[in-house]
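Biologist: Could you walk me through how to read a few features of a protein model? I'm happy at the bench, but less so with structures.

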Amino acid sequence: MPLRFRICAAACLLVTSLAAAEHRGHVTFRGLPVPGATVTASRDGKSVAAVTDQQGVYSFADLADGPWSVQVTMFGFEPMRQDVTVGAQAPAAEWALTLLTLDRIKAEIQVTAPPEHPAAPPRPAAILSKEAHKAVAAAQPAPDDDMSQRAADGLLINGSVNNGASSAFGQAAAFGNNRFGGKGLYNGGIGLMLGNSVFDARPYSLTGQNTPKAAYNRLTGMVNFGGPLKIPHLLKNGPFVFFGYQWTRNNDATTSTALVPSLAERSGVFPGTVVDPLSGVAFPGNAIPQSRISPQAQSLLNYYPLPNFGGTGGYNYQTPLLSPTHQDALQTRASKPVGRNNQLFGQFSFQSARMDSPNLFHFQDKTGTQGINTGVNWMHRFNQRLFITLGAQFSRMSTRVTPYFANRVDVSGEAGIVGNNRDPLNWGPPTLNFSSGIAGLSDAQSSFNRSQTSGLSVSMLWTRGNHSFAYGGDYRRQLFHYLSQQDPRGTFTFTGAETGSDFGDFLLGTPRTSSIAFGNADKYFRQSVYDAFFTDDWHINQAFTLNAGIRWDYNGPITEASDRLVNLDISPGFAAAAPVLASNPTGALTGQQYPSSLIRPFKPGFSPRAGIAWRPRAGSSLVVRGGYGIYYDTSIYQALATRLAQQPPLSTTASVQRSAADPITLADGFRSAAAGSSNTIAIDPNFRPGYAQNWQVSLQSDLPGALQMTATYAGIKGTHAMQALLPNTFPVGAANPCPSCPSGFAYLLSSGNSSRESAQVQLRRRLRSGFTATLQYVFSKSIDNAAALGGGSSSQGGANQNSGGAQQAAPLAGLGGLAIAQNWLDTGAERSLSSFDQRHLLTLQMQYTTGMGLMGGTLLNGWKGAVFKEWSMATQVTAGSGLPQTPVYLAAVEGTGITGTIRPDYTGVPQYDVAPGRFVNSAAYAAPQSGQWGTAGRNTITGPSQFTLNASMSRTFRVTDRLNLDLRLDSVNLLNRVNYSVWNTTVNGAQFGLPASANAMRSVQTTLRLRF
């Protein structure tokens, strides 16, 4: 206990998030490195800064993965800003600065805040290399009638208002501190990131069982090198090159918890009533005779593990899982000036990863990925005000998934299950789903998918007066080659409709529904993508800047090389439906002509955008910023094309509900489905990509004590978000209103909408006496009535997948995680909190560096100074409210083979008035009344709140002037606090109201890096 107390007390002095990666970049002017440039990365109100070194290179060691806005500023040069994506394999950024005119340079010296960014502090004076001095001087306009003025103006660059004459570049090379050494042209490093299970906490046990802790290691090796390429007697002035390589061998341990059949249940004996569906009365002793147990069920049951502890709280089995990951990544880049007005730069990266993914049943599936990404750019300077950049890019990625049983055991064949795909690549068990919460039997699907993108880009920058115009465009040709099936082994769902027990139904071999989708495995998708933009950055005066522009995006709907796509041609009111093929795109019912993509293109995707920065009073720190923009989401087309390629008559796709007319069984459920193979999806041919309108306004002001406060309001309005319906369906117990109407398929259309509004307050303490901190609170609310494919989120202003908890319903065949409206005639009932709606979010970031300020030990010398100085300690605390989840009543939708879209009735009992160990009250919900849809709303359960504290401590040991050793210790979840991910929300499941899983417990990682 004393040790834990000391660790917790020290936590507030330590640091940061590990979901981070290093971002590097290279800043040049006419091909020459620019040292001393300020680089600022901003995101979500957080900003971090770095300064370029003598080679013009900067780096941020641990930016959080994802998009960041990065700005480069340097006295005498145009500021540059662009959005970059930070990630482990993201390429380094290249920045080619543009020189300001002399009038603009003079103006910068005369004002406190530069007109380009009224809120920004004054830029430092330029500190350029000896070669850069020559390039800058050559670029200056030289009036022939005033050589003295020309020389004075040159001092604005070559000199410094920060006493740059004493810098390494302020004197001739033969004097003082400006003597160049050959080794100074190059930099590099070698490092290791180490982790071990000895230093990590045990994975959390949902049941309290003492599950053995798996032993593992995490190891990443890194090496990088950069500098000018010179070959004696062959290449004197080669390009600046950079090389980086990462080698990762990681193992991650988790604990999997589940409910598996008990020994008595496996032999057919149940604690409750089990009805014989042949007689309608209970089996004697509630025991199913052995002669009635399906041989198919008995065969599949052998793959279930036995319980390893007493069944309490809905669980009776727990096991540790170890997931190894091997990854290799290479990044290179090069830049070279060609003459005075041209520069070439390019990059190449390669990544290979291999991962083993065990599941609850210890089926070890393998995933391998390989990818390359390369590009080359040419920049030409027409004059000091006009630049053009041309680029070409190419990328290729392949992913292969090999299930555990592929080419090993034909599980379905041995069990006597017929009708599913028998290709050895697709061997394995069918998917089994149980409404009571018994773990579903499943394994991964075999696939070998490749994607390729080729692109061309052009952009121009033109400075005229107080205007900076940027315009250009891109073209990309995308190829997707998929070799995969969607559900070749098929899916059975058991709800207890026959015996009153879902496991009893399984033993009798009487599923409630079956679904299957296979055929047409080899697909060649094609897509062309275009965009164009124009932006004017107008510095109206020293206090006001306006940035306005427009962008056009067009992603053509995806086509298949051999026209192997199928949609449904639907008559008004969904009275009839007939397949329409891309190879013959004329609707048999409506007579309308379809394009080869079977979805009509949407070309008017224009997006106006505008932003302002305004300082209302001269000399005041108050700055007002605002912006508005429209953003389109065209990424949906790929998911839609994948579904359209898996439809009859090109494939076997069906979803069937057990009935007297079609009494499907475990043995022949797929053969029956195949015999009645029908389309399971249709898409509105006028489907439009969704778009979001974003607006934001913020006030920023300085406060006493080195503090700065920023208040921000932001809003998003999403339009044309995707919705999914089940036409002609009706509640359980109701009469079918249209027996002749088609049903059993999902219909996708773009009629959804969403909104999100947020208020954010940020208080930041600038670095002072070695201490800096940022406190931020966000209050927000998000609402939508939209769906999403495959569990992914949509950027259509708040369209995310409906979350149903850990015990997910059986999906519609071939649709993955599609969230479907409960009542197809009342989509308004789907409008609710978005699944990503986090009402409250508080973050605190603090950092303290020793050896700064008198209290920080600046004056310490000798061994005390060597031990105490230059340590950086930081902490990041995140606390947030829970995300919404949807209560689900797992039952088949009448007339279809679809489960998981029905919600229960809300009884009025308080949802969270629960006994210890449960987090949602099961008494608050009941089965829907006969003939009625459930009254419980979508996303009406609040999931678990989140709190985590991450920490780090680092120091650079200066071995020599050129050799440095970096040491860093990182800890995620330093307090080892349990954070549950989601609750189980299937109301007829044994685990309802229990946590489904827990996030990772405390882990520790050490990084050592030697730099020169």
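Modeller: Sure. Let's start with a cut-off: a residue is called buried when its relative accessible area is under 20%, exposed when it is over 50%, and partly exposed in between. Keep in mind that this is a predicted model.

Biologist: Let me try that on a residue. Is D966 buried or exposed?

Modeller: D966 has 16% relative accessibility, so it counts as buried. R1011, on the other hand, sits at 31% and therefore counts as partly exposed.

Biologist: Why look at those two together?

Modeller: Here's the general idea: side chains of opposite charge can pair when their charged atoms come close. In this model, R1011 and D966 form a salt bridge, with their closest N and O atoms 2.5 Å apart. The pair links distant parts of the chain, as R1011 belongs to strand β43 (residues 1003–1011) and D966 to strand β42 (residues 964–972), 45 residues apart.

Biologist: How many salt bridges are there by this rule?

Modeller: The count comes to 19 salt bridges. Another one is between E870 and R958, where the closest N and O atoms are 3.1 Å apart. This pair also links distant parts of the chain: E870 lies in the loop between α11 (862–868) and β36 (871–880), R958 lies in strand β41 (residues 946–958), and 88 residues separate them.

Biologist: And how accessible are E870 and R958?

Modeller: E870 is partly exposed, with a relative accessible area of 32%. R958 reaches 56%, so it counts as exposed.

Biologist: Which residues are linked in a network of salt bridges?

Modeller: R476, D531, R551 and D553 are. Within it, R476 and D531 have their closest N and O atoms 3.9 Å apart. R476 is in strand β18 (residues 467–484) and D531 in strand β21 (residues 522–541), 55 residues apart. D531 counts as buried because its relative accessibility is 6%, while R476, at 30%, counts as partly exposed.

Biologist: What about empty space inside the protein?

Modeller: Rolling a probe the size of a water molecule over the atoms shows where empty space is left. Searching the whole structure this way turns up seven cavities of 30 Å³ or more. The largest cavity holds about 90 Å³ of space. It is lined by 13 residues, and the closest to its centre are A786, A787, A819, A821 and E830.

Biologist: How does the lining of the largest cavity divide into nonpolar, polar and charged residues?

Modeller: Seven are nonpolar, four are polar and two are charged.

Biologist: Now sheets, please. How do I read strand order?

Modeller: Go across the sheet, strand by strand. One open sheet here has four strands in the order β16-β19-β20-β28, with mixed pairing. β16 (431–434) and β28 (652–657) are at the edges with a single partner strand each, so one side of each has no neighbour in the sheet. On average, neighbouring strands of this sheet are turned by 10° against each other, direction ignored.

Biologist: How many bridges join β19 to β20?

Modeller: Four bridges join β19 (residues 487–494) to β20 (residues 513–518), and the two strands run antiparallel. To find your place, look for F492, which stands opposite S514 in β20.

Biologist: One last feature: how many residues of helix α9 are buried?

Modeller: Eight of the nine residues in α9 (residues 636–644) are buried, leaving the helix mostly covered. The buried residues are I636, Y637, A639, L640, A641, T642, R643 and L644.

Technical notes:
Residues are numbered from 1 along each chain as its sequence is written. This is a predicted model: local features need pLDDT of at least 70, side-chain atom pairs count only at pLDDT 80 or more; totals for chains, interfaces and linings use all residues. Side-chain values use heavy atoms; hydrogens and water are left out. A salt bridge is a side-chain nitrogen of Lys or Arg within 4 Å of a carboxyl oxygen of Asp or Glu. Buried means under 20% relative accessible area, exposed over 50%, partly exposed in between (1.4 Å probe, protein chains only). On a 1 Å grid over the protein atoms alone, a cavity is a set of points where a 1.4 Å probe fits but cannot get out, and a pocket is an open set with protein on both sides within 12 Å along at least five of seven lines; lining residues have an atom within 4 Å of a point. Grid points are joined across faces, edges and corners, and a volume is the space filled by probe spheres set on the points. Ala, Val, Leu, Ile, Met, Phe, Trp, Tyr, Cys and Pro count as nonpolar, Asp, Glu, Lys and Arg as charged, and the others, Gly among them, as polar. Two strands pair if DSSP finds at least two bridges between them. Axes are lines fitted to C-alpha atoms, for helices over the stretch in contact, and angles run from 0 to 180 degrees between N-to-C directions.
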